[in-house]
Amino acid sequence: VQLQASGGGLVQPGGSLRLSCAASGSIASINTMRWYRQAPGKQREFVAFITDGGITNYADSVKGRFTISRDNAKSTVYLQMNSLKPEDTAIYYCNANIIPTGRKYEYQYWGQGTQVTVSS
């Protein structure tokens, strides 16, 4: 099982980016999917999650600006980021609780990260 994140880049303050994270491999089911971020010199922090039933939750710092969504048919989670600020600059990581095919329990998997830089 792998998670592949994409969509990062350089954007000006006030701009938008859409991150994607696709799960692949022998997967029986995908439960909660999350985004985290890690800015230079800081600890990794929670950004947002979405359950398999579509319940969402956000860090206060991104509430009202970021939207998490998922396409279960494509095993993909998205993060739409609007009104970006320089303090949103970080490596963004996706994370998911996945039950691999043939397994009884779920495991937590991490994507490789995608760089988001907000700068003029």
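# Briefing: strands, rings and a pocket

Ala 22 has its place in strand E3, which covers residues 17-24. This is a predicted model, so take what follows as a reading of computed coordinates. Below you'll find the surroundings of Ala 22, then the aromatic residues, two buried strand residues, some loop residues and the largest pocket.

**Around Ala 22**

- Ala 22 is partly exposed, because its relative accessibility comes to 31%.
- Setting aside neighbours within four places in sequence, Ala 22 is in contact with Gln 2, Leu 3, Gln 4, Ser 75 and Thr 76.
- Phe 49 sits 27 residues from Ala 22 in sequence, and the two are 15 Å apart in space, C-alpha to C-alpha.

**Aromatic rings**

- How many aromatic pairs does the structure hold? The count is three.
- One of them joins Tyr 36 and Phe 46, whose ring centres are 5.9 Å apart with 75 degrees between the planes, making the pair edge-to-face.
- That pair links distant parts of the chain: Tyr 36 belongs to strand E4 (residues 27-38) and Phe 46 to strand E5 (residues 45-50), with their positions 10 residues apart in the numbering.
- Phe 46 also pairs with Phe 49, this time in a tilted arrangement at 6.0 Å centre to centre and 50 degrees between the planes.
- Are Phe 46 and Phe 49 buried or exposed? Phe 46 has 25% relative accessibility, so it counts as partly exposed.
- Phe 49 has a relative accessible area of 24%, so it is partly exposed too.
- Put together, Tyr 36, Phe 46, Phe 49 and Trp 110 make up one aromatic cluster.

**Arginines over rings**

- Trp 110 has a charge over its ring: the charged end of Arg 44 sits there, 4.7 Å from the ring centre.
- Tyr 78 has Arg 18 lying over its face, at 4.0 Å from the ring centre.

**Two buried strand residues**

- Phe 66 is placed in strand E7, and with a relative accessible area of 2% it is buried, because the cut-off for that label is under 20%.
- What does Phe 66 touch, once residues up to four places away in sequence are left out? The list is Arg 37, Val 47, Tyr 58, Leu 79, Gln 80, Met 81, Asn 82, Leu 84, Asp 88 and Tyr 92.
- Met 81 is one of those contacts, and its C-alpha atom is separated from that of Phe 66 by 4.5 Å, although the two are 15 residues apart along the chain.
- Asn 31 is found in strand E4, and it counts as buried because its relative accessible area is 18%.
- Asn 31 is in contact with Ile 50, Thr 51, Asp 52, Arg 70, Asn 97, Ile 99 and Glu 106, again leaving aside neighbours within four places in sequence.

**Loop residues**

- Ser 75, one of the contacts of Ala 22, lies in the loop between strand E7 (66-71) and strand E8 (76-81).
- Ser 75 isn't a glycine, yet it has a positive phi of about 50 degrees.
- Ser 83 is in the loop between E8 and E9, and its phi is near 50 degrees, again a positive value in a residue other than glycine.
- Ser 83 counts as partly exposed because its relative accessibility is 40%.
- Thr 101 is found in the loop between E9 and E10, where it is in contact with Ser 26, Ile 27 and Ala 28, not counting neighbours within four places in sequence.
- The C-alpha atoms of Thr 101 and Thr 51 are separated by 19 Å, and these residues are 50 apart along the chain.
- Arg 103 is in the loop between strand E9 (90-100) and strand E10 (107-110).
- At 48% relative accessibility, Arg 103 counts as partly exposed, because the exposed label starts over 50%.
- Arg 103 and Asp 71 are 32 residues apart along the chain, with 23 Å separating their C-alpha atoms.

**The largest pocket**

- The largest pocket offers about 160 Å³ of space.
- Which residues of its lining lie nearest the centre? They are Arg 37, Ala 39, Lys 42, Glu 45 and Glu 87, out of 13 lining residues.
- The lining divides into seven charged, four polar and two nonpolar residues.
- Arg 37 turns up twice here, as part of that lining and among the residues touched by Phe 66.

Key
Residues are numbered from 1 along each chain as its sequence is written. This is a predicted model: local features need pLDDT of at least 70, side-chain atom pairs count only at pLDDT 80 or more; totals for chains, interfaces and linings use all residues. Side-chain values use heavy atoms; hydrogens and water are left out. Rings of Phe, Tyr and Trp (its six-membered ring) pair if their centres lie within 6.5 Å; planes under 30 degrees apart count as stacked, over 60 as edge-to-face and the rest as tilted. Helices (H or I, at least four residues) and strands (E, at least two) are DSSP runs, numbered from the N terminus. Buried means under 20% relative accessible area, exposed over 50%, partly exposed in between (1.4 Å probe, protein chains only). A charge sits over a ring if NZ of Lys or CZ of Arg is within 6 Å of the ring centre and within 35 degrees of the ring normal. Contact means heavy atoms within 4.5 Å. On a 1 Å grid over the protein atoms alone, a cavity is a set of points where a 1.4 Å probe fits but cannot get out, and a pocket is an open set with protein on both sides within 12 Å along at least five of seven lines; lining residues have an atom within 4 Å of a point. Grid points are joined across faces, edges and corners, and a volume is the space filled by probe spheres set on the points. Ala, Val, Leu, Ile, Met, Phe, Trp, Tyr, Cys and Pro count as nonpolar, Asp, Glu, Lys and Arg as charged, and the others, Gly among them, as polar.
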